[in-house]
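Me: I am new to this structure. Could you take me through how to read it, feature by feature?

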Number of protein chains: 2
Amino acid sequence: MTITASQQAGTSNDDARSFLHDFRSMSTYGATAGGGVDRQAGTLADGQTRNWFRGLVEGHGFEVRYDAVGNQFALLELVPGAPYVAVGSHLDSQPLGGRFDGAYGVLAGAHAAIRLKERMAALAATGAESSGAADARPLFNIAVINWFNEEGCRFKPSMMGSSVFTGKLPAEKVLATTDPSGTTVREALAAIGTVGDFSLDVAAYVEIHIEQGRSLEDNGLAIGLVESTWGANKYEFIVHGEQAHTGATVIADRHDALLGASSLVVAARDIADEFSMDDHAVITSCGEFTVYPNSPVVVANRVELLVDVRSTDPDVLAAADAELHRRVAQIEGRASVRIERGAEHVWAAKAYDEAGLRLAAKSAEALDLTYGTVRTLAGHDSTNMKDIVPTIMLFVPSVDGVSHNEKELTNDDDMLAGVDLLTELLGRVVAGEFVPADRPSE
Amino acid sequence: MTITASQQAGTSNDDARSFLHDFRSMSTYGATAGGGVDRQAGTLADGQTRNWFRGLVEGHGFEVRYDAVGNQFALLELVPGAPYVAVGSHLDSQPLGGRFDGAYGVLAGAHAAIRLKERMAALAATGAESSGAADARPLFNIAVINWFNEEGCRFKPSMMGSSVFTGKLPAEKVLATTDPSGTTVREALAAIGTVGDFSLDVAAYVEIHIEQGRSLEDNGLAIGLVESTWGANKYEFIVHGEQAHTGATVIADRHDALLGASSLVVAARDIADEFSMDDHAVITSCGEFTVYPNSPVVVANRVELLVDVRSTDPDVLAAADAELHRRVAQIEGRASVRIERGAEHVWAAKAYDEAGLRLAAKSAEALDLTYGTVRTLAGHDSTNMKDIVPTIMLFVPSVDGVSHNEKELTNDDDMLAGVDLLTELLGRVVAGEFVPADRPSE
């Protein structure tokens, strides 16, 4: 057996085994034949995972509460009456998603909190003085949060639970949101029974997540310190054509919604390619594309599709966005369709807290873990949280950068190194190294 | 009231009123809010329409039988033991289809047969000699056929019933075909109860249908005599990509099935435009396009789509088809996907019976109806039937060429003129003017 990062960092084999054991148990909920999981928000499999998680943390003395939109709070009281710092991510997944995306971060958060609690108990039992930063006297309590519906596949938009928590979306609107079969979030949450009226103020937020890219792997780093999000403009387009017979209708008479929508998908990729000649500063995607009536011999009368444009540079993002809208007008002409722009979601590129980056770096150095700064292309619940409280976001490597795929993989050693770092960092945050304990809660 | 074509042709107002009355009754089955019908093959609405039709023709002394794949035969015996000529079309529709496509032809066939029967009865009652071609002594019996699943939207392929009847598809394969929810044709037919083990040899086939194009309207003609079908190559393509996160996966790492499929849709239109610079000799379409897993934040791992290429000229069709396949290879490179070609259906451009064209022209002249020859872009059951028996195909005008759309419209006068012509023509066919009565049945 080779020496692993976690062994270097002094974690006990018991701690490592315990984490990996729990991770494998968790991954059985919604397990798919292809080695991934399907735990879309508010489904039975999501509910089972949430209840399994509740059982796990209650066994370690946490108290579990839910808010009105199903965010799950596992509360660990270290200092009665003290404010809370939160650590979390999400247990829901894509259909045919991987086992690591989100779930790793929630479990890592719980294990970090459990380790801190056990160290405190050991210190109290021996009466020894604190021997390091991670063992310093706590000034905060800890909430491990499992955010509802980060993925946004069954119910849109993504990052739903943290958007409500951070005041970006009204709870009532979210509860009335329907999935494609007409079930509301309210009904789905009631069905799995994990909803309540709890609310919590937190003083700071920490999240760890798999990278879902390959920059850590390519650079041989154990840990990524997320310095900023990419900006993202997401649009729902509705292409309106006119239903016609595919055989009998001559081209000149067609108003082909499928041609219009397909042209938009191709244009989005063209824009990514054109803007990224030098530095890959623009990424465009279309992940959902639904054709009506979708019959083999009918020219489509409507296509609904989502297009998103992302960039780290706000000026480049604005230029790419303008180009997309110029192309929309061109496509309307060529395909003889009308393209309606429905809902839009815009996230500006934003930096994470600099003091948090420094503290995370210091924690990694204390454990001899290699690290570098990265940007996140994907949205995370921390993207919301950083807008209301000081927030730290960490990444661990993803093999080949594969994500939202059953083949998603983070090696055990990389997972364990992440839990070690999260424990070290959370210990420092709880000890007041990130935000002061007298900081007014928000 | 203006003088209509049918009045010029000497049809009684009772006949006209009776046809329009029945047409309106029929159009209530599966009626949609937008003025069309939704009677996809083997659905409840299709079953209701078939039973309504059975009641109508049984009331006029027809006997109704079904074959193993649900083709409905309304038999009118005029000459005991004589061979049959068939007239027909289909009562099923597209989802949100029009009231006229197919249904007009079935009802027109039934009314033509009913009128011939009544004229024979009137002649027999008066003992008068036959006064014209349409009243000549019949040498054939008449079968009005409602073909199962001409549209091919719920169950693929289209023209299913007539394909089995003409030996192009095995009945067992058709019965095992499933719709998207997994229901088989066998189960759907059993559910609506219109299936049996009848079989019939026919000596000739006549079909009348709405044009679904605008050439008759543009040229001010009442009747189109279909001289040939367009050739059509239809392909099922499956684009294989790899599931990934839309946000986190850089463009270079993507294998985007949606981009590949969209590029194919755009390429198909490009080909139609390029080949049709001069004479619009090529039409391409994509009517069905299904994305997996179709989640907003996932790069698609698979898209299934149907692409068809049609032309009147076999050489042009072959060249357009070769160009399509050259583009497929290009697209595989650009989108980093693999494009699999699944099932294909190829119909060569074929001429209808020349003697039939002459007889239809003679019949139209006898009624003073304006007519011209046309080609059909769409497939019809007659496309199958003409490969096994002498076949005549007639069109009546479609307003603005709109079809496979709730707004599909053929004016009453045009419908009535078509029924008159069909009656005249069917009378001549039954009297032996098209095929000899001693022709061995096939």
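Me: Let me start with one glycine. Where does Gly109(B) lie?

Reply: This is a predicted model, so every value here is computed from it. Gly109(B) is part of helix H4 of chain B, which covers residues 103-126.

Me: Is Gly109(B) buried or exposed?

Reply: Burial is read from relative accessible area, and under 20% counts as buried. Gly109(B) has 0% relative accessibility, so it is buried.

Me: Which residues is Gly109(B) in contact with, leaving aside its neighbours within four places in sequence?

Reply: Val87(B), Val144(B) and Leu422(B). Sequence distance and spatial distance are separate readings. Gly109(B) and Leu426(B) are 317 residues apart along the chain, yet their C-alpha atoms are separated by 8.7 Å.

Me: Now a polar residue. Where is Asn146(B) found?

Reply: In strand E4 of chain B, residues 141-146. Asn146(B) is buried, at 1% relative accessibility.

Me: What lies 2.9 Å from a polar atom of the side chain of Asn146(B)?

Reply: For a polar contact, look for N or O atoms within 3.5 Å. Here the partner is the backbone nitrogen of Leu91(B), at 2.9 Å. Beyond its neighbours within four places in sequence, Asn146(B) has further contacts, including Arg50(B), Gly70(B), Ser89(B), His90(B) and Val106(B).

Me: Let me try a serine in a loop. Where does Ser93(A) lie?

Reply: Between strand E3 (84-89) and helix H4 (103-126) of chain A. Ser93(A) is buried, with a relative accessible area of 2%.

Me: Which backbone atoms does the side chain of Ser93(A) reach?

Reply: One is the backbone nitrogen of Arg39(A), at 2.8 Å. Another is the backbone oxygen of Val37(A), at 3.4 Å. Not counting residues up to four places away, Ser93(A) also touches Asp38(A), Gln40(A), Glu151(A) and Cys153(A). Asp315(A) shows another case: its C-alpha is separated from that of Ser93(A) by 33 Å, with their positions 222 residues apart along the chain.

Me: You mentioned a cysteine. How many disulfides does a search of the whole structure find?

Reply: Zero, over all chains. The test is distance: two cysteine sulfur atoms must be within 2.5 Å.

Me: Why does Cys153(A) have no bond to the closest cysteine sulfur?

Reply: That sulfur is in Cys286(A), 15 Å away, which is too far for a bond. Cys153(A) is buried, at 10% relative accessibility. Cys286(A) is in no disulfide either; its nearest cysteine sulfur is that of Cys286(B), 15 Å away. Cys286(A) is also buried, with a relative accessible area of 5%.

Me: On to rings. How many aromatic pairs does the search find?

Reply: The whole structure has 19 over all chains. To read a pair, take the centre distance and the angle between the planes. Trp147(A) and Phe165(A) are edge-to-face, 5.1 Å centre to centre, with 70° between the planes.

Me: Which parts does that pair tie together?

Reply: Trp147(A) is in the loop between strand E4 (141-146) and helix H5 (160-165) of chain A, and Phe165(A) is in helix H5, so the pair ties together parts 18 residues apart in sequence. Trp147(A) is buried, with a relative accessible area of 0%. Trp147(A) also pairs edge-to-face with Tyr205(A), 6.0 Å centre to centre and 65° between the planes. That pair links the loop to strand E5 (residues 202-210) of chain A, 58 residues apart. Tyr205(A) is buried too, at 0% relative accessibility.

Me: Which residues do ring pairs link into a cluster?

Reply: Phe73(A), Trp147(A), Phe165(A), Phe198(A) and Tyr205(A).

Me: Rings can also face charges. What sits over the ring of Tyr292(B)?

Reply: The charged end of Arg302(B), 4.1 Å from the ring centre. In chain A, the charged end of Lys386(A) sits over the ring of Tyr352(A), 5.7 Å from its centre.

Me: Last, a whole helix. How many residues has helix H11 of chain A?

Reply: It has 13, residues 354-366. Compare its span with the expected one: H11(A) reaches 18 Å from first C-alpha to last, close to the 18 Å expected.

Me: What caps the N-terminal end of H11(A)?

Reply: Asp353(A) does, with a side-chain oxygen 2.9 Å from the backbone nitrogen of Ala355(A). After H11(A) comes Asp368(A), whose phi is positive, near 60°. Buried residues of H11(A) include Gly356(A), Leu357(A) and Ala360(A). Among what covers the buried residues are strand E6 (223-229) and helix H13 (412-430) of chain A.

Definitions and conventions. Residues are numbered from 1 along each chain as its sequence is written. Chains are lettered from A and ligands numbered from 1 in the order in which they are written. This is a predicted model: local features need pLDDT of at least 70, side-chain atom pairs count only at pLDDT 80 or more; totals for chains, interfaces and linings use all residues. Side-chain values use heavy atoms; hydrogens and water are left out. Helices (H or I, at least four residues) and strands (E, at least two) are DSSP runs, numbered from the N terminus. The expected span of a helix is 1.5 Å times one less than its number of residues. Buried means under 20% relative accessible area, exposed over 50%, partly exposed in between (1.4 Å probe, protein chains only). Contact means heavy atoms within 4.5 Å. A polar contact is a pair of N or O atoms within 3.5 Å; within protein, one must be able to donate a hydrogen and the other to accept it, and residues adjacent in sequence count only if both atoms are side-chain atoms. Rings of Phe, Tyr and Trp (its six-membered ring) pair if their centres lie within 6.5 Å; planes under 30 degrees apart count as stacked, over 60 as edge-to-face and the rest as tilted. A charge sits over a ring if NZ of Lys or CZ of Arg is within 6 Å of the ring centre and within 35 degrees of the ring normal.
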